[in-house]
Amino acid sequence: MLSRFVSGKRLSGLLLLLSASTLSAIAATAPQDQIALQGYTLRNVGSLEQQYAMAHDTGFKAIEIVSDQGVSPQQLNALLNKYQLKVTSDHVHLADLEAGTQKIIDFNQAINNHTIIVSWLTLDERPDSAEGWKQMGQRLDKLGATLKKQGMQLGYHNHNFEMKKYGGKTALEIMLDNASAQNLQVELDVAWVSRGGQDPVRFLQKYPGRIFAIHAKDNASIGVRDDEMNFAPAGSGILAWNEILPAAEKAGTRWYIVEHDLPKDPRSVITAGKRYLEKTLK
């Protein structure tokens with residue numbers, strides 16, 4: 001009986017060690033499983049196939065697409081399979097989404113994507129009052145509910161204009177607070193938040209469980225990278241990533257999406273951004 005008990009203890013210890021090593025392996029691969037690339041970053045890199053080849057060669061396994069990328073779902077699936085990429089989400093203009101909701105849903109379901117991100121509001125679409133942003137939130141809430149019925153999730157990607165305050169509250173907050181978390185998630189572009197004069201960490205702390213992704217790019221100092229819209233790879237500029245990334249993790253952020261609006265050397269930019277996230281994410 002004693003020898004059986006000792007053996008049992010040894011077995012139990014072995015299982016604990018195995019469990020610990022398994023958890024360590026999961027922890028080691030978790031950052032990679034959360035890092036993606038915004039395809040817009042590579043828009044000037046030859047053909048779509050050349051863009052996806054670059055994404056694959058630099059180690060990305062997931063990509064955020066822009067609209068239908070000018071191809072059929074069958075053509076896109078072929079490229080995704082060839083370069084071992086999965087789609088995290090699709091950036092779509094609000095007007096296009098409202099005008100062709102079912103067509104966009106069908107396209108994304110065909111490529112096994114279930115998240116649609118409102119990528120941009122044109123000047124004539126942007127509200128100019130607190131009431132206007134409230135109505136925009138309600139409008140997106142209804143649109144998100146429509147998508148939800150077909151197994152899709154709606155999100156919103158900010159720029160700097162949503163950082164304007166109305167009565168002490170930013171436009172982004174007014175909009176989000178007038179839509180349910182179930183119907184409208186957030187893709188927080190932290191560089192644009194900062195350019196709008198706000199702290200990305202505050203938004204991450206305010207909306208836990210609602211952050212689908214962050215766009216991981218940095219702001220360069222004045223006079224640096226002037227020919228790249230003063231954007232830089234994450235970790236190489238002036239943003240406080242030692243505060244942003246822990247807040248993003250705590251908020252339950254699903255994806256960390258490497259992006260740059262106007263890179264001179266796309267390969268170098270996306271490689272640097274990816275390496276920084278892999279090194280820094282816990």
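**Strand 11 and its partners**

I started with Ala 213 and looked for its bridge partner in strand 11, which turned out to be Trp 255. This is a predicted model, so I'm reading everything below as computed from it. I then checked how strands 9 and 11 run: they are parallel, with four bridges joining them. Strand 9 covers residues 211-219.

Next I asked what strand 1 (residues 35-38) does with strand 11. These two also pair in the parallel sense, over three bridges. Leu 37 has Val 258 as its bridge partner in strand 11.

Are the faces of strand 11 (residues 255-258) covered or bare? I found both covered. Trp 255 and Ile 257 are buried on one side, and Tyr 256 and Val 258 are buried on the other.

**Cores**

I pulled up the largest nonpolar core, which has 75 residues. Which of them touch the most other members? My list reads Tyr 52, Trp 133, Leu 140, Tyr 156, Ile 214 and Trp 241. A separate core lies apart from that one; it has seven residues, including Ala 213 and Ile 257. Ala 62 and Ile 117 are also among them.

**Helix 10**

I picked Trp 241 to follow up. Setting aside residues up to four places away in sequence, I see Trp 241 touching Val 190, Ile 214, Ala 216, Lys 217, Asp 218, Ala 234, Gly 235, Pro 246 and Tyr 276.

Trp 241 is also one of the buried residues of helix 10 (residues 241-250), along with Ile 244, Leu 245, Ala 247 and Ala 248. Why do I put these on the same side of helix 10? Because they cover an arc of only 165 degrees around the axis. On the other side I noted Asn 242 and Lys 250, both exposed.

I wanted to know what covers the buried residues of helix 10. The cover includes helix 8 (190-195), helix 9 (200-206) and helix 11 (266-280), and strands 9 and 11 are part of it too. Just after helix 10, I noticed Gly 252 with a positive phi of about 85 degrees.

**Val 118**

Last stop was Val 118, which sits in strand 4 (residues 115-118). Buried or exposed? Its relative accessible area is 1%, so I call Val 118 buried, the cut-off being under 20%.

I listed the contacts of Val 118 without its neighbours within four places in sequence: Val 92, Leu 94, Leu 97, Leu 140, Leu 154, Gly 155, Tyr 156 and His 157. For Leu 140 I also looked up the C-alpha separation from Val 118, and got 9.1 Å for two residues that are 22 residues apart along the chain.

Note on methods: Residues numbered from 1 in each chain as written. Predicted model: local features only at pLDDT ≥ 70, side-chain atom pairs only at ≥ 80, totals over all residues. Heavy atoms only, no water. Buried < 20%, exposed > 50% of the residue type's maximum accessible area, 1.4 Å probe, protein only. Pairing = 2+ DSSP bridges. Core = buried A, V, L, I, M, F, W, Y, C linked by side-chain atoms within 4.5 Å. Contact = heavy atoms within 4.5 Å. Arc of directions from axis to C-beta.
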